[in-house]
Each structure stands twice: as C-alpha cells, then as structure tokens.
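These are my notebook entries on one protein chain. I set out to look up its overall make-up, its cores, one helix pair and a few backbone features.

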Amino acid sequence: MRSEPRLQPPLLTLTDYEEAAKRRFDRASWDFIAGGSGQERTLAANLAAFDRVRLHPRVLSGAGLPETKTTVLGRSWSAPIAVAPMAYHTLADPEGEVATARATGRAGLPLVVSTFAGRTFESIAEAASTPLWLQVYCFRDRATTRQLVERAERAGFEALVLTVDAPRLGRRLRDLRNDFRLPDGMVPANLTSGDFASPSAHALTEFDPALDWSVIGWLREVSSLPVLVKGVLSAADARAALRAGVDGIVVSNHGGRQLDGAPATLDALPEITAAVAGVCPVMVDGGIRRGADVLAALALGADAILLGRPVLHGLAVGGEQGATNLLELITEELVEAMALTGTPSVAQATAALVGAEPARPPHPAPTSQPAGLLKAELHGSVGDPVLDTMNFLNEVTTRYPQAISFAPGRPYDGFFDTEQIFTHLRRYLDHLEAQGASPEQVSSTLFQYGPTSGQIRELIADSLRKDENTDVAPESIVVTVGCQEAMFLAVRALISGPEDVLLVSSPCYVGITGAARLLDVTPTAVAERESGFDCADLEAAILAERARGRRPRAFYVIPDHSNPSGTTMPLQTRLDLLDLAQRHDILVLEDSPYRMVSPGQQLPTLKSLDRHRRVVQLGSFSKTLFPGARVGYVVADQTVVDADGRTGLLADELSKIKSMITVNTSAVSQAVVAGMLLAADGRTSELNSETAAYYGDAMRVALEELAKQFPAAEREALGVRWNEPTGGFFLSLTVPFQADNAALSRSAEQFGVLWTPMSYFYPDGGGEHAVRLSVSYLTHQEIADGMERLAHFIKSQSPTARG
C-alpha cells in the first residue's frame with residue numbers, strides 16, 4: 001500500500017472515494033480489493049442492473065423530510081444500510097474492522113463482520129455501538145465453525161450470516177494474473193490454523209464442500225442467534241431457505257457464481273421477495289454505489305442493502321473518518337433520492353417508484369384448501385417488532401412456566417376477590433336508582449351500547465377533583481377501552497399529516513410507539529438522561545424538527561414512576577415543561593397510571609398544574625381498581641375551532657373517532673368501575689392505601705436484594721448498576737452484556753428467571769445493555785429468589801466468566 005495523503009478533496013461521490021483509494025494501493029492489492037466479486041463481469045453486471053433502473057420523480061408531494069429509519073430483526077437502524085462482510089479491512093487501514101465498527105456506530109448502521117476479519121471479534125465488539133452480525137463459512141472441521149460462532153455470541157454479536165454459495169470463491173482472475181498473495185503476517189485474527197496467503201486455495205481445502213440445508217438446523221443447535229443466508233439468487237432457493245427456518249435472506253452473487261447467465265443481484269431480487277412474501281427480511285448485496293441504488297433496491301422489495309467495497313475505499317482514504325464520511329454520504333444521497341421521488345419513509349418505497357408492478361408469486365391453481373394471505377400485502381405494522389415484543393414475552397413465559405418473572409407489569413393478584421365484582425356492580429345500580437332512574441333506564445344502562453363518550457364521566461371528574469386537585473368538566477372526558485385506546489385516539493386526532501410530529505420521551509412505553517406505528521406515524525425520540533427527562537432536550541428536538549420543515553404537535557411522557565425506567569419528574573421540571581409547551585405551542589400527553597399505587601405523597605400531575613390547557617391526560621383504572629375491566633379515559637378540554645368559527649372540545653373530536661373503532665366502552669365494565677369509585681367516594685388514593693404500601697414494600701425488597709446480591713465492590717467490577725425508584729412497578733438495571741431476546745431465552749432456560757430487554761422501549765435504538773425489572777406481580781419471597789437467580793445469570797455473562 002502506497003503512502004499517499006488521506007481524505008483528498010473533493011470527495012463528493014462514492015466514485016470519488018474509489019478513485020482516491022485506488023491511488024493508495026499497488027496494482028496487485030488494488031485488484032484484490034476491487035475484484036472481490038470474483039470475476040470482473042459479475043461486478044459489471046451488478047452495476048449495469050442498477051444503471052438500468054429509472055426512479056420516477058414526484059413534485060409537490062407534501063412528504064416533508066424523508067425518514068430513513070428502519071427496523072431489522074428487532075433493532076433500529078438509522079438507514080436501511082449495513083456494511084457487508086469483507087475480509088482483511090487491515091489492508092485498507094491498520095485498525096481494520098475496529099475502525100469500521102466505530103464508523104458504523106457513528107453512522108447508526110450495523111456491521112457484518114467477516115470470518116476472515118483482521119481484528120478479533122472481541123476488539124471489534126468493544127469498539128461497536130450498533131449491531132454486529134457474524135458472516136460464517138462452514139468449515140470441514142465443524143468444531144472450528146462452532147468455536148467462531150460461540151466466540152462471536154459471547155462478544156455480543158446479534159446474528160449469523162451463513163455464506164451459502166461457498167466453498168468456491170470463484171476464479172478471481174485478477175488475483176490469478178497477479179499471482180496475488182496476502183502480505184506476510186496478515187492472517188485472520190480469529191482463526192488459528194491454515195494457509196491463508198491464497199484466499200481461493202484456502203477455501204477449496206478448508207470449506208465444507210457437502211453443505212445442504214441441514215446446516216441451518218446445526219447452527220441453531222450451536223447458537224441461539226438468528227441465522228440469515230447470503231448468496232441466494234433464485235426463488236427456489238429462497239423457498240428452500242424458508243423451509244429450513246432462516247431468519248433472513250441476502251441476495252448476493254459474491255461467492256462462487258461463475259456460472260454464465262447467472263443473474264445480477266438486482267435482477268434476482270423481485271422474484272425472491274415475491275417468494276418470501278414478507279416472512280423474513282430480504283437484503284441485497286452487490287453493485288450499490290449511490291443512494292439512488294439503495295432506494296431502487298427498496299422499491300423492488302428489499303428491506304435493506306449491504307454496502308461492501310465502497311466502505312473499504314472510505315477506510316483506505318481516511319481511516320475511521322473516511323468510512324464515516326462515506327456512510328454519511330450514501331445516506332444523504334438516499335434522503336435526496338427519496339425527496340425527489342416524494343417518498344416520505346423507507347417503508348413507503350414501492351415498485352411504483354421504478355414504474356414496475358409489485359412482484360407477486362404466480363397464482364396457485366385452485367385447490368380444496370383456501371390460499372393463505374400474503375403478509376407483504378398486510379399493513380407494515382404487522383411485521384414491526386414493536387408489536388411483537390409482548391407476544392415474545394408471553395411465548396417465553398409459557399415455555400418456561402417455572403421461571404420467576406420480572407417481566408409483566410401486572411397488578412398483584414392477591415388484592416382481587418371475585419365477589420367484589422357483584423358488590424360493585426350492585427352499588428352502581430343502586431346509585432342509578434337513587435338518582436331517580438327507572439328500572440327500564442337501569443336495564444338500558446347495562447345492556448345497551450350507551451353514549452360513545454362514556455356513561456360514568458361525572459364520577460371520573462369527581463374522582464380527579466378529589467384525588468388530583470384537577471377540576472375539569474365531565475364533557476371534557478372520554479371513557480376509553482383502557483389507556484391504550486386513549487393513546488390511539490389522541491395520536492390519530494393530533495397527527496394529521498407527514499409534517500406533524502409526535503415526540504416521545506425515550507425510553508418510553510411501547511403502547512404509544514405501537515399506536516403510532518399502526519397509524520403510520522414515526523415518533524421522534526427525546527432521549528432521557530440517566531437522571532431522567534430534561535426540558536432542554538425536548539426544546540432542542542422541537543427546534544430541530546422545525547428546522548426540517550416539520551410541525552411538532554405533542555409530547556408523550558410518563559412523569560411519575562415511569563414505565564420502563566421508573567424515573568419521576570421533579571416539580572420544577574413539570575413547571576418548566578408546561579412553560580415550554582406554552583412557548584412552543586405543543587400539547588403534552590400525560591400518562592401516569594402508577595401514582596395511586598405508589599407510597600407516600602405524590603407530586604402534582606401535569607394536568608393539575610396546567611393553566612393553559614396544554615395537557616391531554618391519558619388515564620387508566622387498570623392499576624388502581626380493576627385490570628380486567630379495561631376502563632381508561634382521556635381528559636381533552638382543549639378548544640377546537642372549525643372553519644366557520646364554531647368552537648367545541650377536543651374530547652368531542654376524540655369521541656367521533658372512537659365511534660368508528662370501539663363504538664363505546666363496555667357498559668358492564670364501566671358499571672363495576674363506577675361502583676368502586678362510589679365505594680371510595682371517588683378517592684382512589686384511599687382505596688389504594690393497602691396496595692400502595694404493598695408495592696412500596698416490593699420495591700424496597702427488590703432494591704435490598706439487589707444490594708445483597710451485588711455488593712458495592714462487585715457491582716463496580718462487573719459494571720452493574722440500577723436506579724432506585726420511589727414507587728411504581730419498575731426499575732432499570734444496567735448489565736455487562738447484550739440484554740437481547742437471545743440472552744432472555746438463556747436466562748429463562750438455564751437460570752429460571754425472566755425480565756424485559758430495555759431495548760424494547762427505545763424507538764431509535766438504545767438500551768442494549770439494560771433490563772427492566774417489574775416487582776409488582778411477585779411475593780417478597782419470589783422477589784428474593786428471583787434476584788438470586790438473576791445475579792447468577794448476570795455473573796455468568798460477565799466477560800470474566802465467559803473468558
């Protein structure tokens with residue numbers, strides 16, 4: 001490699017980086033890097049396929065600034081771009097994959113690490129802040145493959161990418177002409193034996209030549225990580241991969257495709273995505289050199305792309321900074337292509353962008369069995385991991401019934417008595433009769449639909465006045481099917497178009513992000529600090545969105561004992577938030593279900609402090625009175641003015657939306673909740689004095705047991721820490737390993753304890769090394785036993801224990 005000045009301007013395109021990189025290498029080394037596709041015509045075919053694509057421009061689309069974020073295998077990426085697996089980054093820069101990992105972290109993108117990486121998996125993982133996947137070759141000696149996989153998993157890698165078009169790497173003509181040999185001393189950092197000087201010869205002697213689809217099952221036996229396959233070029237192989245149970249497919253011709261007439265990757269993509277039909281992610285690798293190429297691949301069905309050689313060019317030109325700049329450049333080009341085609345988000349990149357009909361599988365011949373629906377034709381939210389988090393937790397809980405579970409945020413069962421239901425129901429009926437209702441009216445109240453906005457609004461308003469010092473008219477309340485419906489109604493009413501912004505405090509409750517996803521709303525996350533929410537961060541997010549030409553409309557927050565972190569907003573911060581909302585003309589969506597079940601005097605609600613009707617309060621009786629009734633409410637006393645100048649309440653508009661969703665909230669559920677409110681004269685705080693004391697004790701026991709299991713010196717050495725909430729159900733625990741679904745499964749199976757990954761609660765990614773613990777559903781003894789099991793698991797995952 002020659003010694004040339006680095007980052008030579010101007011580097012305005014990926015081609016500029018390629019030309020600058022070429023000047024840094026001798027002929028043989030450059031041919032090795034540039035000829036990584038095997039035969040020259042393979043790369044030429046891939047490039048030509050993208051050159052043939054013509055994106056259709058759109059003007060005045062109203063799409064606003066395009067959103068590039070996407071989610072793959074449960075992890076948020078800043079753009080649908082990952083760095084493809086390539087061997088020996090050290091040819092381009094001495095730090096090799098370590099520098100690349102730092103660059104991908106700064107860009108918010110994943111890195112697929114080659115088996116033939118020039119740096120150890122552990123050093124790459126230490127430098128990484130975004131997902132790492134391991135590209136796997138299956139060796140004749142399966143023990144070698146197993147050891148590589150196990151090392152990567154211990155280091156925190158999140159998926160395996162099996163290259164399936166091996167063992168032949170193709171006749172690399174450039175290398176043959178140059179008689180290319182790797183520089184002396186350049187060997188894979190993670191392999192201990194073999195003649196690595198000639199990559200092609202090594203592949204022929206070391207790779208398993210007899211692989212079949214059973215290798216997927218074998219990989220699942222040796223690892224809990226998701227398995228993707230790379231090198232698929234036909235619909236038939238894609239269907240075979242699905243039958244084998246893969247978690248993802250990479251369309252690629254980078255292995256042994258010397259076969260004349262084999263398709264370019266982009267040409268093969270549509271039939272493969274049609275065959276997969278949304279069952280798993282499909283990515284494409286090969287020939288991508290512009291942001292418009294990324295958009296073209298998405299339009300033809302890819303969920304993301306893998307970017308290969310250009311990253312090495314950036315690394316060669318400027319090391320870590322060069323690779324970072326290149327990744328930022330292609331992301332900027334993607335944004336520009338989306339803007340020019342009126343594409344508001346990567347999820348909305350369809351075949352219409354390239355003037356093609358969406359690829360579909362051939363219509364099957366009629367059979368006696370009905371054909372199944374294509375998941376790809378359903379709303380995109382059904383494939384969103386946010387909507388599957390609770391299902392996964394339920395599945396794990398069912399699979400390991402003997403495990404102690406810190407996962408569910410459920411009230412404690414010991415406070416419920418079946419007979420109470422009938423007592424409370426009778427009390428409400430007596431109340432109606434005492435108010436002069438006839439028997440027919442009482443019967444209608446229970447058996448008929450009732451008003452959409454609810455039949456117990458007066459009692460809720462009375463309770464808010466007595467419990468929370470919040471004086472609102474009953475007409476400003478809509479009774480909902482749990483707080484979840486209240487969120488849905490508020491988001492639907494307030495976010496009217498792509499320029500409107502919903503901001504959420506992050507980490508945040510998945511219910512709000514799930515509701516937003518169902519409504520095609522991408523929330524903007526406002527990251528909490530370790531101490532909790534800070535108004536300065538919200539103001540910065542508001543200003544940033546306005547600079548993008550968007551309109552911030554509402555901010556969602558749980559101010560008291562929040563789910564998931566357990567933090568509580570100080571009084572001064574509450575006052576500052578209300579002032580900020582007034583200055584910036586936004587609404588605050590206040591969700592605070594844990595106040596009345598927490599011990600001690602609670603801070604005032606945002607709504608009780610609200611003097612300018614800036615707060616929409618989202619409420620629920622699930623934690624305080626009766627979870628199974630599923631009764632919530634929304635207080636929306638904001639004035640709404642129509643085109644003719646007539647005024648009404650936001651609650652009236654929410655009621656209209658509700659009438660098209662649930663029609664009304666169960667009359668029987670409302671009646672039982674009303675009876676409970678009447679029993680306490682509207683003071684749920686008094687009704688919950690015993691439960692608040694119980695939950696306070698449960699939190700105290702949990703914190704004491706954590707301190708017992710992790711003495712100060714040990715927790716410091718392990719990197720374990722936790723917060724100390726004063727109430728609520730949840731606390732946050734930082735751990736020294738990747739706390740993902742795979743770790744949760746190991747914890748349940750091997751140690752008999754369940755928890756919730758905090759990463760579930762970060763809309764923009766984060767929380768990978770933290771767990772949420774719920775203490776509400778367990779007895780004190782179960783908490784003690786569960787903390788002991790959890791401590792054993794955490795210590796088993798520490799670098800020292802794994803080393």
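The entries below follow the order in which I looked things up.

**Entry 1. The chain as a whole.** I noted at the outset that this is a predicted model. I then looked up the secondary structure and found 30 helices and 25 strands in the chain. Of the 803 residues, 56% are buried. For the surface, I recorded an exposed area of about 33300 Å², of which carbon and sulfur atoms supply 51%. I also looked up how contacts are spread along the sequence. Among contacts with a separation of 6 or more, 74% are between residues 24 or more positions apart.

**Entry 2. The cores.** Which residues have the most contacts inside the largest nonpolar core? I found Ile 249, Ile 272 and Leu 307, in a core of 99 residues. Helix α13, residues 309-340, gives the most to this core, with 13 residues. Apart from it lies another core, of 35 residues, and I noted Ala 403, Leu 703, Ala 743 and Ile 783 among its members.

I then took Ile 272 by itself and set aside its neighbours within four places in sequence. The residues in contact with Ile 272 are then Val 232, Leu 233, Ser 234, Ala 235, Ala 238, Ile 249, Val 251 and Val 282. Ile 249 is thus a contact of Ile 272 and is also listed with it for the most contacts inside the largest core.

**Entry 3. Helices α28 and α29.** I turned next to the helix that holds Ala 743, a residue named above for the 35-residue core. Two packed helices are described by the angle between their axes and the distance between the axes. Helix α28 (residues 741-751) packs against helix α29 (residues 780-797) at an angle of about 125°, and their axes are 10 Å apart. An angle between 115 and 145 degrees counts as oblique, and α28 and α29 are therefore oblique to each other. I recorded the crossing of α28 past α29 as right-handed.

Which residues of the two helices meet? From α28 I listed Ala 743, Arg 746, Ser 747 and Phe 751, and from α29 Arg 789, His 792, Phe 793, Ser 796 and Gln 797. I also looked up the buried residues of α28, which are Ala 742, Ala 743, Leu 744, Ser 745, Arg 746, Ser 747 and Ala 748. Ala 743, Arg 746 and Ser 747 appear in both lists. After α28 comes Gly 752, with a positive phi near 70°.

**Entry 4. Cis peptide bonds.** I looked up two bonds that lead into proline. The bond from Ser 506 to Pro 507 is cis, with omega near 10°. Pro 507 sits in the loop between β13 (500-506) and α19 (510-518). Asn 563 and Pro 564 are also joined by a cis peptide bond, with omega about 25°. I located Pro 564 in the loop between β15 (551-557) and α21 (571-584).

**Entry 5. Positive phi outside glycine.** Leu 73 has a positive phi, near 50°, although the residue is not glycine. I found Leu 73 in the loop between β1 (70-72) and β2 (75-77). Is Leu 73 buried or partly exposed? Its relative accessible area is 33%, so Leu 73 is partly exposed.

Arg 630 likewise has a positive phi, near 55°, in a residue other than glycine. Arg 630 lies in the loop between β17 (615-620) and β18 (631-635). With 36% relative accessibility, I entered Arg 630 as partly exposed.

How values were computed: Residues are numbered from 1 along each chain as its sequence is written. This is a predicted model: local features need pLDDT of at least 70, side-chain atom pairs count only at pLDDT 80 or more; totals for chains, interfaces and linings use all residues. Side-chain values use heavy atoms; hydrogens and water are left out. A nonpolar core is a set of buried Ala, Val, Leu, Ile, Met, Phe, Trp, Tyr and Cys residues joined through side-chain atoms within 4.5 Å. Buried means under 20% relative accessible area, exposed over 50%, partly exposed in between (1.4 Å probe, protein chains only). Helices (H or I, at least four residues) and strands (E, at least two) are DSSP runs, numbered from the N terminus. Contact means heavy atoms within 4.5 Å. Accessible areas come from the Shrake-Rupley method with a 1.4 Å probe; for residues, only the protein chains shown count as cover. Axes are lines fitted to C-alpha atoms, for helices over the stretch in contact, and angles run from 0 to 180 degrees between N-to-C directions. Angles under 35 degrees count as roughly parallel, over 145 as roughly antiparallel, 65 to 115 as roughly perpendicular and the rest as oblique. A crossing is left-handed if the near helix is turned anticlockwise from the far one by less than a right angle, and right-handed if clockwise.
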